[in-house]
Every structure is written in structure tokens, then in C-alpha cells.
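Visitor: I would like a close look at one part of this model. Please take the packing of one helix pair, then work outward from there.

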Amino acid sequence: MSLPATLNAPSTLAAIDMGSNSFRLEIAQLHREQYKRLEYLKETVRLGAGLDAEGRLTEAAMQRGLDCLARFAQRLQGFAPQQVRAVATQTLREARNRDEFLRRAEQLLGFAIEVISGREEARLIYAGVARLQASDKPRLVIDIGGRSTEMILGQGRTPITAESFQVGSVSLSMRFFPEGLFTAEAFRAAQVAAGAELEEALSLFDRTLWREALGSSGTVGAVSQLLAGSGITDGRITPEALRWCIAQCLQMGHVDKLKLPGLKEDRRAVVGGGLCILYTLLTQFGIEELLPTKGALRQGVIFDLAERLEAERHATLGDMRDHSVTALQQRFGVDTGQAQRVRQLALGLYKQLQPQAPRELQRELGWAAALHEIGMMVSHHDHHRHSAYLLSHVDAAGFSQSQLRRLADLALGQRGGLRKLEAKLPDADFVWQLLALRLAVLACHGRSAVSPQALKLTRDKQGVLLSLTQRWAAQQPRAVYLLREEAEAWTRNGALSLRLQA
């Protein structure tokens with residue numbers, strides 16, 4: 001079933017939040033800073049409860065997620081790829097077989113899925129809160145998910161400190177209330193475990209640094225509704241109110257007997273763990289009251305997607321990822337002159353190979369070229385391997401883990417043998433990016449500017465022909481030697497035939 005025209009119009013954007021407990025789809029329109037929700041779907045999937053002892057998603061858990069995404073796909077018929085952004089969080093950060101699930105999920109959904117880091121998740125949560133509930137006060141924003149808890153300190157629209165901790169309502173409930181039994185001992189043990197995980201955050205989010213505390217998304221919303229429905233508070237969460245909730249759990253003794261006004265059925269199984277995390281946060285961080293907020297991850301994703309589209313419409317503008325690349329260059333002492341030389345030449349060569357390439361792929365190559373030497377900070381020897389490692393493990397605002405891995409693969413492949421990337425070479429888009437980057441790195445190896453007209457690439461039935469101007473070839477015999485070896489390497493590998501004409 002396709003959506004009405006008003007829902008899949010180009011100005012309409014959609015975000016999918018694949019959380020550890022629930023999957024959510026939000027469809028909205030942005031017009032002059034005004035956010036208008038058009039549709040919201042939520043399904044309890046319990047993906048996080050489907051991780052086995054080896055850290056792999058069970059088939060049953062994967063099927064629950066796939067079934068949900070199939071229903072989301074029906075609602076997204078008619079949407080273009082640039083209108084939709086799907087992000088996955090802690091469970092898929094952990095799952096050892098996540099690539100298998102993502103392959104099946106993307107095929108079913110029809111859109112790419114990005115696994116985002118904990119800090120990126122926190123940044124996007126804050127973006128949703130800050131835009132939908134504006135304030136100039138220094139604020140602490142907390143989001144308790146199924147397998148992680150995000151904490152963000154910020155002011156206005158700017159996140160100052162953002163961290164993610166591996167403790168959530170699902171994981172804590174499974175560990176300390178596995179049979180659904182509520183005991184005082186289990187609550188105490190769960191609070192100690194949550195406190196141990198969150199203790200390192202005490203100085204980062206000290207009580208003197210913020211004036212109001214806000215709670216985003218599932219767990220906070222569920223407890224807030226419970227308290228309001230039971231007449232304990234107007235929805236605000238306080239230590240005293242949480243003690244009342246825990247007392248009710250102990251009085252009932254089992255999750256199946258827990259019948260409280262405002263507590264939804266899909267939240268009963270994980271409310272024990274959520275209460276323990278909340279109580280630990282409020283008592284350890286001196287939070288007198290936690291106020292539920294309208295913004296959440298999915299809205300932050302939509303705002304971020306809108307900024308990306310705006311940057312694409314105005315090529316001179318950059319999005320958050322461009323700022324992150326600049327920050328990484330500064331952090332790792334990159335020779336920005338050389339990075340820019342390689343970037344310009346690589347993009348010029350790529351345009352010859354793929355004149356109609358999507359702008360996102362062009363930008364991706366540009367980022368890889370800008371960061372290809374960050375490994376020099378570790379060691380000049382095998383710096384491409386160090387660059388790949390850093391890009392695979394760094395937190396960079398705006399980037400998903402999936403995209404950082406692709407940049408890492410390009411950095412790894414900038415030099416040396418091609419065998420290390422054989423698993424990636426069937427991807428034609430990646431091959432053209434890699435070829436352009438490798439040729440640019442070799443041509444610029446003398447760390448001096450190279451005229452864009454010096455190298456010309458032509459695709460034909462035999463593969464790729466690399467032509468060099470006579471003048472440049474005569475002036476750069478070492479570069480010609482390296483390029484000839486490069487042509488032999490590609491042909492020997494069999495990924496494509498590269499011929500050199502000098």
C-alpha cells in the first residue's frame with residue numbers, strides 16, 4: 001500500500017530508528033524550522049533480547065526485525081532514497097552477525113541502514129530534543145534504550161559532551177529479572193551494576209554543569225506515563241516517585257502481576273531494569289526531577305537528514321561530516337596541503353570514470369582523500385594501515401560506523417597490494433573510488449601539485465586506459481614508473497584491466 005501524495009512528496013522525510021527494544025518509523029515535513037509529524041509507527045521487536053551467549057542474533061530475533069521492516073517498507077513505497085534514513089543502535093553495534101542481518105534487512109526495506117556509534121546516537125538524540133524543545137539553559141539530556149544509555153550535556157543546539165554507556169532496560173532486566181521475579185536483592189544488585197557502568201560519567205555530567213534534566217524516548221516516557229496515570233506526579237520523575245514504583249514491583253512480586261495505570265503491555269517486561277537505571281541516575285547525579293521531552297533520536301535523524309539535503313542543494317555548504325573531517329585533520333596533524341592535492345586529483349579522475357556518480361559517492365571519496373594520511377601520526381611505516389585502523393574506530397559526528405568502515409577500506413587500499421581488499425572489489429562503486437584514489441596518491445607522491453590535465457582516464461571494453469601528457473611524463477619519471485607498476489597490479493589482480501599510455 002503506497003502513501004498518499006502528501007506523505008511521499010519530495011519535502012517529506014522519513015526516519016527509521018532500529019532500537020534494541022523497539023523499531024520506530026517517523027514521517028515528517030520540515031518547513032522554515034517548523035516540524036510537522038505526518039505519521040508515526042512503533043513496533044516492539046525486542047532485538048536486544050535476541051543476542052545469544054556468543055553475541056549473535058538468533059534467527060527468531062532477526063525474523064522479528066525483518067517482519068517489522070517489511071511493514072515499514074510498505075509505508076515507504078514511493079519514497080526516494082534521499083528522503084529516508086534508517087539507523088541502527090546498540091544491539092547491531094554488538095551483534096557479531098550484524099552484516100548478515102543488515103544484508104537481509106536492506107534488501108527487504110529497500111533503503112540503506114546505517115549502524116551508528118553510541119556518541120553519534122547521543123548527538124542525534126540531542127539534535128531532536130534541542131530543535132523540538134528549545135532552551136538556552138545548560139541542560140542534561142538522558143535517553144535509556146534497550147541496551148545502552150546516552151547522556152548529553154548541551155546548551156541551545158550545541159551538544160558539549162555526549163557519551164553512551166552499555167547498560168539498558170532490556171539488558172539489565174534480562175540479567176537481574178530473568179524469570180520476571182521482583183526481589184529487593186535483585187533491585188539492589190541491578191542498581192549496583194548500573195552504577196558501576198555509569199560511575200565514570202560523574203565528573204563529565206557534574207550537577208554544577210546543567211540547570212535542567214530532560215529524559216528522552218522509551219523508558220523515560222513509559223515511567224512518566226505510569227506516574228501520571230497512577231496520580232503520583234504530573235509525569236515528572238523524581239527519586240521519591242521511583243521508590244514508589246519499585247515498591248509496587250516488590251509488592252506484586254512478578255512482572256505478570258504488575259498492573260499499573262499508564263503502564264503499557266509492551267513495557268512490563270523491561271520496566272524493572274529501566275527503573276533501576278533511572279533511580280541510579282537520579283541519585284548518583286543529583287537530579288531532583290527528570291522531565292520527559294518531546295524530542296528523540298528519530299527526530300534528530302530527520303533534522304540531520306534535512307541538513308544533508310540542504311548541503312547537497314548548495315554545493316558550497318557542508319554538513320556535519322565535513323566539519324568532522326576538518327577536526328580529524330587537525331587532531332591527527334594531517335598535511336592539509338597534500339590532502340587537498342590528492343583530493344582534487346582523485347575527484348577529477350573519478351569524474352572521468354564515473355561522470356554521473358551520485359554526489360554522496362563523490363563526497364565519500366573526497367573525505368577518504370582528506371584523511372588518507374591520518375595514520376602518519378602513528379608511524380610513517382605502513383601509515384595506510386594505521387589510517388584504516390583509526391578510521392574504523394574513531395568517533396566522527398555525522399558519520400555512521402558503516403560509512404567510516406568504507407572510508408577505512410579506501411584508506412587501506414590507497415597503496416600496496418589489492419589482495420587485502422578482494423572482498424570489496426566486486427562492488428563497482430568502490431572499485432572506481434579506489435582506483436581514482438590510488439592513482440592520485442601515486443601521482444602526488446612528490447608532494448607537489450599535479451595538473452588535472454596531466455592524467456586522463458578512459459573506460460572501454462578492454463578496461464581502463466590511463467593516458468599521460470608527454471610533458472608531465474618527461475618531468476615525472478618516478479611517477480610514471482609507479483603508475484606502470486600500478487597498471488600491472490590491477491591487471492594481475494583481475495579486478496580490471498588498467499593500461500598505461502605515456
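Guide: What follows starts at one helix pair and then moves to other parts of the chain. Keep in mind that this is a predicted model.

Start with helix α6, residues 184-198, and helix α9, residues 271-284. Two packed helices are described by the angle between their axes and the distance between the axes. Here the axes come within 9 Å and cross at roughly 55°. Angles from 65 to 115 degrees would count as roughly perpendicular, and those under 35 as roughly parallel. α6 and α9 are therefore oblique to each other. The crossing of α6 past α9 is right-handed.

Which residues make the contact? On the α6 side they are F187, A190, Q191, A194, G195 and L198. On the α9 side they are G272, C276, I277, Y279, T280, L281 and Q284. By class, the residues of this contact divide into eight nonpolar, five polar and no charged.

C276 deserves a second look. C276 is buried, with a relative accessible area of 0%. What about disulfides? A search of the whole structure finds zero. C276 is in no disulfide, and its nearest cysteine sulfur, that of C249, is 8.6 Å away. The cut-off for a disulfide is a pair of cysteine sulfur atoms within 2.5 Å. C245 is likewise in no disulfide. For C245 the nearest cysteine sulfur is also that of C249, at 7.1 Å. C245 counts as buried because its relative accessibility is 1%.

Now a second helix pair. Helix α4 covers residues 118-132, and helix α10 covers residues 297-313. Their axes come within 7 Å and cross at roughly 90°. That makes α4 roughly perpendicular to α10. From α4, the contact uses E121, R123, L124, I125, A127, G128, R131 and L132. From α10, it uses L297, Q299, G300, V301, F303, D304 and E307. The residues of this contact divide into seven nonpolar, three polar and five charged. Set that beside the contact of α6 with α9, where no charged residues take part.

Next, backbone angles. Most residues other than glycine have a negative phi, and most peptide bonds are trans. S217 has a positive phi, near 70°. S217 lies in helix α7, residues 217-229. At 22% relative accessibility, S217 counts as partly exposed. D382 also has a positive phi, near 55°. D382 sits in the loop between α13 (359-371) and α14 (383-393). D382 counts as partly exposed, at 29% relative accessibility.

Two more sites finish the tour. T458 lies in strand β11, residues 455-460. T458 is partly exposed, with a relative accessibility of 32%. Leaving aside residues up to four places away in sequence, T458 touches G463, V464 and L465. T458 and A189 are 269 residues apart along the chain, and their C-alpha atoms are separated by 66 Å. Q470 lies in helix α17, residues 470-475. Q470 counts as exposed because its relative accessibility is 70%. Q470 and G446 are 24 residues apart in sequence, and 18 Å apart in space from C-alpha to C-alpha.

Terms used: Residues numbered from 1 in each chain as written. Predicted model: local features only at pLDDT ≥ 70, side-chain atom pairs only at ≥ 80, totals over all residues. Heavy atoms only, no water. Buried < 20%, exposed > 50% of the residue type's maximum accessible area, 1.4 Å probe, protein only. Axes fitted to C-alpha atoms, helices over the stretch in contact; angles between N-to-C directions. Helix = DSSP H or I, 4+ residues; strand = E, 2+ residues; numbered from the N terminus. Parallel < 35°, antiparallel > 145°, perpendicular 65-115°, else oblique. Left-handed = near helix turned anticlockwise from the far one by under 90°. Contact = heavy atoms within 4.5 Å. Nonpolar A, V, L, I, M, F, W, Y, C, P; charged D, E, K, R; others polar.
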